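Grab a pencil and work through these exercises with the structure open beside you. Try each task before you read its solution.

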Amino acid sequence: MLTVGLSNEIITEVTKENTAVAQKSGTLEVFATPAMVALMEETCYKSVEQDMEEGWGTVGTGLTIGHVSATPIGMHVRCVSKLVEIDGRKLVFDVQAFDEKGLIGQGMHERFMIQNDKFFSKAQQKLTENV
């Protein structure tokens, strides 16, 4: 059952593949903002996936973050999420990312609970609809 306060943590290593150069978000070999965003979303959705009813999931609908410190290749990034609000099918998370030296990013992430088949079917209709 989903409850406010539910939390999760995921740790990843900074590698060439998740740097700003590789993600095409900059020219330096440091942890990319898009990689941090993906880690934040993953940490949030995985915190609630086991509590979803069969056939239900969540999709990201909003993210307001700051990336406040660079992390070089070889360091680890730990992401921590906490479910802070449940409003109908809307879920709001506080999310933070840290490397071994401290905070590197933080913000709020909003997700929406959806019926997987219905959501995917509606998205697929875009392939055959006339504009």
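**Exercise 1: the layout**

How many helices and strands are there in the chain? Work out their order too.

Before you start: this is a predicted model, in which local features need pLDDT of at least 70 and side-chain atom pairs count only at pLDDT 80 or more, while totals for chains, interfaces and linings use all residues. Residues are numbered from 1 along each chain as its sequence is written, and side-chain values use heavy atoms, with hydrogens and water left out.

Step 1. Get the rule straight: helices (H or I, at least four residues) and strands (E, at least two) are DSSP runs, numbered from the N terminus.

Step 2. Count them up, and you get 3 helices and 5 strands.

Step 3. Walk along from the N terminus, and the pattern reads β-α-α-β-β-β-β-α.

Step 4. For the dimensions, take the principal axes: the C-alpha trace spans about 40 × 40 × 20 Å.

**Exercise 2: inside or outside**

What percentage of the 131 residues in the chain is buried? Then sort L83, K24 and G5 into buried, partly exposed or exposed.

Step 1. Here are the cut-offs: buried means under 20% relative accessible area, exposed means over 50%, and partly exposed is in between (1.4 Å probe, protein chains only).

Step 2. Across the 131 residues, the buried share is 31%.

Step 3. L83 belongs to strand 3, and it is buried because its relative accessibility is 0%. Its C-alpha is 17 Å from that of A38, and the two residues are 45 apart in sequence.

Step 4. K24 sits in the loop between helix 1 (20–23) and helix 2. This residue is exposed because its relative accessibility is 77%.

Step 5. G5 is in the segment before strand 1, and at 34% it is partly exposed. From G5 to R78 you go 73 residues along the chain, and their C-alpha atoms are 18 Å apart.

**Exercise 3: an unusual angle**

What is the phi of K24 near?

Step 1. Recall the background: most residues other than glycine have a negative phi.

Step 2. Now look at K24, which isn't a glycine: its phi is positive, near 60 degrees.

**Exercise 4: pairing up charges**

How many salt bridges does the count come to? Look at three pairs: E9 with R78, E41 with R111, and K46 with E42.

Step 1. The idea is simple: side chains of opposite charge can pair when their charged atoms come close. The rule for a salt bridge is a side-chain nitrogen of Lys or Arg within 4 Å of a carboxyl oxygen of Asp or Glu.

Step 2. Apply that rule and the count is 4.

Step 3. E9 and R78 make a salt bridge with an N to O distance of 3.6 Å. E9 is in strand 1 (residues 7–13) and R78 in strand 3 (residues 76–87), so this pair ties together parts that are 69 residues apart in sequence. E9 is partly exposed at 42%, and R78 is partly exposed at 31%.

Step 4. E41 and R111 also form a salt bridge, at 3.0 Å from N to O. This pair ties together parts 70 residues apart in sequence, because E41 lies in helix 2 (residues 33–48) and R111 in strand 5 (residues 102–115). E41 is partly exposed at 27%, whereas R111 is buried at 5%.

Step 5. For K46 and E42, the closest N and O atoms are 2.8 Å apart. Both residues lie in helix 2, 4 residues apart, which is about one turn of the helix. K46 comes out partly exposed at 30%, and E42 is partly exposed at 26%.

**Exercise 5: the nonpolar core**

Which residues touch the most other members of the largest nonpolar core?

Step 1. A nonpolar core is a set of buried Ala, Val, Leu, Ile, Met, Phe, Trp, Tyr and Cys residues joined through side-chain atoms within 4.5 Å.

Step 2. The largest one has 23 residues, and L2, F31, V48, V77 and L91 touch the most other members.

Step 3. Helix 2, strand 3, strand 4 (90–99) and strand 5 are the elements that give two or more residues to this core. Helix 2 gives the most, with 6 residues.
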